[in-house]
Amino acid sequence: MVIAHGNDCGNGLFPGNTQEFLQNMVMQGVDAIEIDVWLSADGHLVLRHDPDLEDSTNGSGFIEDFTLAQLRNLNAAHHWSRDQESYPYRHKPLKIITLEETLKIVGKTPLVLDIKSKQLRAARQLSALLERTGKNSQVIVSSFNHKVLLEFRRLSPETATGSTSWEATLLFFAQLLRAESLLAPRYQTMQLPMQFWGLNVVSRGTMRAARKLNLHVSVWTVNGRADLQRYIDMGVNGIVTDRPDILMSMLPSREPKVEPKLLERAS
């Protein structure tokens, strides 16, 4: 699977977690899109990667301290730049969007959804939104916050979820001992970093154990051609990348459906 990474800085083709990014990734024909969500002060799930607004917008402060109306006044791509010299979206601002809007924008394209919020309320809002829109089968839900993910699993047991950091660590060490069969995962997927504390987390041993447990494994965030080829050869199920156009060009019978409109949009 080619999974487009919602990067808010200049590593990708478009500012991540924006309507511009989502529409272009759908047009390119990626298999899934990775996004990040926070909870606004008035209870809306909104797309952003970092908690501090000054990192990517023309605002400042913690994102969850602001209402949706206040967030709408900001330029979501104010600091986005490919070369740290030109800032193409300062005169063509992009709004912060909600998850509900996102579900409409992407149509049937699957989403890998990372709950950044530490509030249990975020898990409850997400569960209710997916139930209301009938999109449970279109998403994989993950979170670095163990309590938040467990709450979501409790509310939406039919929705696929990723492993928590603790669960992924347990599987990693279990496979070193070939003891993965002793595990009974409550998750269906694993979104793993390329390295953790200097260790190559995604290895042939990890893949062997994951296949034995019928788990889907994706690795993030992979951009270099040599690394992309290594994971293709390893047979991972998904690669999360800022450059899905490059990854698609490396896969047999896969090419972007359209050329990225980066230069056109930035001119």
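**Why is it called that? A walk through the model**

Guide: Let's start with one pair: E101 and R72 form a salt bridge, with their closest N and O atoms 2.7 Å apart. The two partners sit in distant parts of the chain, E101 in helix α3 (residues 99–106) and R72 in helix α2 (residues 68–72), 29 residues apart. Before we go on: this is a predicted model, where local features need pLDDT of at least 70, side-chain atom pairs count only at pLDDT 80 or more, and totals for chains, interfaces and linings use all residues. Residues are numbered from 1 along each chain as its sequence is written, and side-chain values use heavy atoms, with hydrogens and water left out.

Visitor: What makes E101 and R72 a salt bridge?

Guide: The term asks for a side-chain nitrogen of Lys or Arg within 4 Å of a carboxyl oxygen of Asp or Glu. Here the closest N and O atoms are 2.7 Å apart, so the pair qualifies.

Visitor: And what makes you call α3 a helix?

Guide: Helices are DSSP runs of H or I with at least four residues, strands are runs of E with at least two, and both are numbered from the N terminus. Helix α3 covers residues 99–106.

Visitor: Is E101 buried, exposed or partly exposed, and how do you know?

Guide: Buried means under 20% relative accessible area, exposed means over 50%, and partly exposed is in between (1.4 Å probe, protein chains only). E101 has 29%, so it counts as partly exposed. R72, at 22%, is partly exposed too.

Visitor: Which residue does E180 pair with in a salt bridge?

Guide: With K212, the closest N and O atoms being 3.9 Å apart. E180 lies in the loop between α6 and β7 and K212 in helix α7 (residues 204–212), so the pair ties together parts that are 32 residues apart in sequence. E180 counts as buried because its relative accessibility is 1%, while K212 is exposed because it has 52%.

Visitor: What about R154 and E151: how far apart are they in helix α5?

Guide: They are three residues apart in helix α5 (residues 146–155), which means about one helical turn separates them. Their side chains meet in a salt bridge (2.9 Å, N to O). R154 is exposed, with 55%, but E151 is buried, with 10%.

Visitor: Why is D36 called buried?

Guide: Its relative accessibility is 0%, so it counts as buried. D36 lies in strand β2 (residues 32–39), and D36, D114 and K116 are linked in a network of salt bridges.

Visitor: What does D36 touch?

Guide: Contact means heavy atoms within 4.5 Å. Leaving out residues up to four places away in sequence, D36 touches G6, N17, V46, L47, R48, H49, D114 and K116.

Visitor: Why is L177 called exposed?

Guide: Because its relative accessible area is 70%. L177 lies in the loop between α6 (165–176) and β7 (189–193).

Visitor: How many salt bridges are there in the whole structure?

Guide: A search of the whole structure finds eleven. So when you meet a label here, set the value against its cut-off: 0% makes D36 buried, and 70% makes L177 exposed.
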